[in-house]
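Reader: I have a structure to go through with you. Could we take it piece by piece?

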Protein chains: 2
Amino acid sequence: MKVLIVYAHQESQSFNAALLARSVEVLTAHGHEVRISDLYAMNFDPVATAGDFGERRFPDRLQYDREQKHNYQRGTLSEDIAGEIEKLFWCDMLILQFPLWWFSVPAIMKGWLDRVFVNGAVYGSGRRYDTGGLNGRRAMVVTSTAAYPGMCAADGLVGALDVILWPIQNGALAYAGCNVLPPFVSWSVNFVDEATRRRYLDEYGARLAQIETTEPLFFHPLGDFGPDWRLRPEVAARAVGQGKPTTA
Amino acid sequence: MKVLIVYAHQESQSFNAALLARSVEVLTAHGHEVRISDLYAMNFDPVATAGDFGERRFPDRLQYDREQKHNYQRGTLSEDIAGEIEKLFWCDMLILQFPLWWFSVPAIMKGWLDRVFVNGAVYGSGRRYDTGGLNGRRAMVVTSTAAYPGMCAADGLVGALDVILWPIQNGALAYAGCNVLPPFVSWSVNFVDEATRRRYLDEYGARLAQIETTEPLFFHPLGDFGPDWRLRPEVAARAVGQGKPTTA
């Protein structure tokens with residue numbers, strides 16, 4: 001497979017850097033091609049502005065998503081965005097690797113989603129979920145946190161992991177058409193010993209060895225929803241966002 | 001009350017700009033003091049880097065949250081961060097106003113949280129939720145979306161609103177100690193007519209007229225959790241992150 005890793009950590013001596021190195025090693029050993037968007041190293045600009053557009057369909061009032069579509073179609077998006085879109089459509093699998101900050105991605109990665117997941121390419125004109133622009137691709141969240149696993153259990157202090165990751169896994173990755181594999185989380189990295197960190201690296205490697213066959217998480221396809229945008233009466237909720245009970 | 005509005009929209013002709021203007025008008029008319037952090041106008045830098053710290057406790061390897069605490073205590077955080085922290089502790093109520101992008105805040109606002117909600121001030125050393133650093137303050141999410149209300153219903157296409165907003169409302173605002181008021185959402189703004197937009201402005205004004213008495217959302221206090229960080233057996237889940245059914 002062709003794997004794109006979008007990576008957000010500032011520190012080359014970090015545990016996240018070790019995870020990244022391990023992933024390249026394992027993926028390459030398994031015959032996958034790997035490209036990396038190292039957002040800090042690229043000095044990636046996360047702020048969506050009018051400067052992202054070489055042309056304006058609506059010059060008087062910026063409507064960011066509509067200009068995304070217009071400029072994508074005309075090939076007039078800014079160079080940094082166009083370069084990331086090229087990588088995105090090159091890949092068969094997208095890995096988002098980041099430390100969990102405020103129960104979400106760091107700003108530099110949020111801006112990668114805001115600016116690179118463009119209307120007209122990744123979604124739009126009714127295309128989303130199983131008809132999304134990244135349809136057929138796999139995706140995976142790889143994150144680290146100071147939290148202990150119990151804190152993200154089904155009834156944990158900060159909330160169930162599948163609720164915390166809903167906006168990223170469902171709202172961005174599944175919405176765009178990806179089959180989302182279960183996340184890989186390195187727990188309480190600030191507090192564990194070196195042996196545990198080594199175990200995390202091995203576990204991550206084992207997960208990556210199976211990316212072609214791992215069963216994706218379930219998110220409801222478009223056809224499960226009625227014209228009122230709610231689950232059809234005969235469809236049972238199978239994802240937390242639609243009312244399935246939280247899981248550990 | 002002293003109200004800080006953190007605002008993230010690039011376009012002065014936008015509906016969000018109209019909402020902001022209305023909020024200043026209504027809040028001032030009700031005797032509240034208002035300050036605004038207009039992140040785009042300030043050219044706020046959302047990217048957390050080593051440059052945020054005048055001193056380093058751990059010069060060899062950047063550990064962002066530990067340096068936040070160290071530099072907050074020493075008064076050596078970068079000027080832009082220190083200025084925002086001053087506003088944050090000045091206020092009795094924090095409003096985050098933004099268009100919902102990928103079911104979260106735009107990157108420029110995520111960076112405001114990443115850099116301004118610092119360890120040692122807003123949380124840390126066990127202080128969080130009802131013991132968080134912003135304890136006693138109120139907070140509110142004010143957002144706009146292209147989505148129709150049904151899409152964010154209890155079983156809606158993109159997921160229940162309380163699940164979508166969990167990382168912001170629980171993970172950031174409640175975690176930091178705020179009492180979080182119900183969010184104000186302007187629905188399907190791209191598609192509604194001018195009369196509906198005017199109605200949204202009036203409804204927002206009416207909500208702001210009651211900020212001192214509005215009942216906050218419920219999030220579990222620290223005491224509801226056992227030493228395993230999970231709800232004590234005798235405590236029923238009353239928030240979606242801990243397993244309460246989703247609501248429209």
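Reader: Is Val26(B) buried or exposed in this model?

Author: In this predicted model, Val26(B) has a relative accessible area of 13%. Buried means under 20%, so Val26(B) counts as buried.

Reader: Which element does Val26(B) lie in?

Author: Val26(B) is part of helix H1 of chain B.

Reader: And which residues does Val26(B) touch, leaving aside those up to four places away in sequence?

Author: Val26(B) touches Gly205(B), Leu208(B) and Ala209(B). In addition, the C-alpha atoms of Val26(B) and Ala206(B) are 8.5 Å apart, although 180 residues separate the two in sequence.

Reader: How do the axes of H1(B) and H7(B) lie with respect to each other?

Author: The axes of H1(B), residues 15–29, and H7(B), residues 194–208, come within 9 Å and cross at roughly 35°. The crossing is right-handed. On the H1(B) side, the contact is made by Phe15(B), Ala18(B), Leu19(B), Arg22(B), Ser23(B), Val26(B) and Leu27(B). On the H7(B) side, the residues are Arg197(B), Tyr200(B), Leu201(B), Asp202(B), Tyr204(B), Gly205(B) and Leu208(B).

Reader: Let us change to H4(B). How many of its residues are buried?

Author: For helix H4 of chain B, residues 107–116, the count is 10 of the 10, so this helix is largely enclosed by the rest of the structure. Among the buried residues are Lys110(B), Trp112(B), Asp114(B) and Arg115(B).

Reader: What covers the buried residues of H4(B)?

Author: The cover includes helix H4 (107–116) of chain A. From chain B, it includes strands E1 (2–7) and E3 (93–99), together with helices H2 (64–74), H3 (79–90) and H6 (166–174).

Reader: What about the loop between E3 and H4 of chain B; where does Trp102(B) sit?

Author: Trp102(B) is found in that loop. Its phi is near 50°, a positive value in a residue other than glycine. Most residues other than glycine have a negative phi. Trp102(B) has 12% relative accessibility, and therefore counts as buried.

Reader: Which phi does Phe103(A) have?

Author: The phi of Phe103(A) is positive, at about 60°, although the residue is not a glycine. Phe103(A) is placed in the loop between E3 and H4 of chain A. Because its relative accessibility is 11%, Phe103(A) counts as buried.

Reader: Staying with chain A, why is E1(A) described as largely enclosed?

Author: Strand E1 of chain A covers residues 2–7, and five of these six residues are buried, so the strand is largely enclosed by the rest of the structure.

Reader: How many bridges join E1(A) to E2(A)?

Author: Six bridges join E1(A) to E2(A), residues 33–38, and the two strands run parallel. Within this pairing, Val3(A) stands opposite Val34(A). The chain passes from E1(A) through helix H1 of chain A, residues 15–29, to E2(A), in a right-handed β-α-β crossover.

Reader: In which sense do E1(A) and E3(A) pair?

Author: E1(A) and E3(A), residues 93–99, pair in the parallel sense, over five bridges. Here Tyr7(A) stands opposite Gln97(A).

Reader: Finally, what are the confidence scores?

Author: The model scores ipTM 0.97 and pTM 0.98. For chain A, the mean pLDDT is 97, and 100% of the residues reach 70 or more.

Terms used
Residues are numbered from 1 along each chain as its sequence is written. Chains are lettered from A and ligands numbered from 1 in the order in which they are written. This is a predicted model: local features need pLDDT of at least 70, side-chain atom pairs count only at pLDDT 80 or more; totals for chains, interfaces and linings use all residues. Side-chain values use heavy atoms; hydrogens and water are left out. pLDDT is the predictor's confidence in each residue, from 0 to 100. Buried means under 20% relative accessible area, exposed over 50%, partly exposed in between (1.4 Å probe, protein chains only). Helices (H or I, at least four residues) and strands (E, at least two) are DSSP runs, numbered from the N terminus. Two strands pair if DSSP finds at least two bridges between them. A crossover is right-handed if, with the strands pointing away from the viewer, the path from the first strand over the helix to the second runs clockwise. Axes are lines fitted to C-alpha atoms, for helices over the stretch in contact, and angles run from 0 to 180 degrees between N-to-C directions. A crossing is left-handed if the near helix is turned anticlockwise from the far one by less than a right angle, and right-handed if clockwise. Contact means heavy atoms within 4.5 Å.
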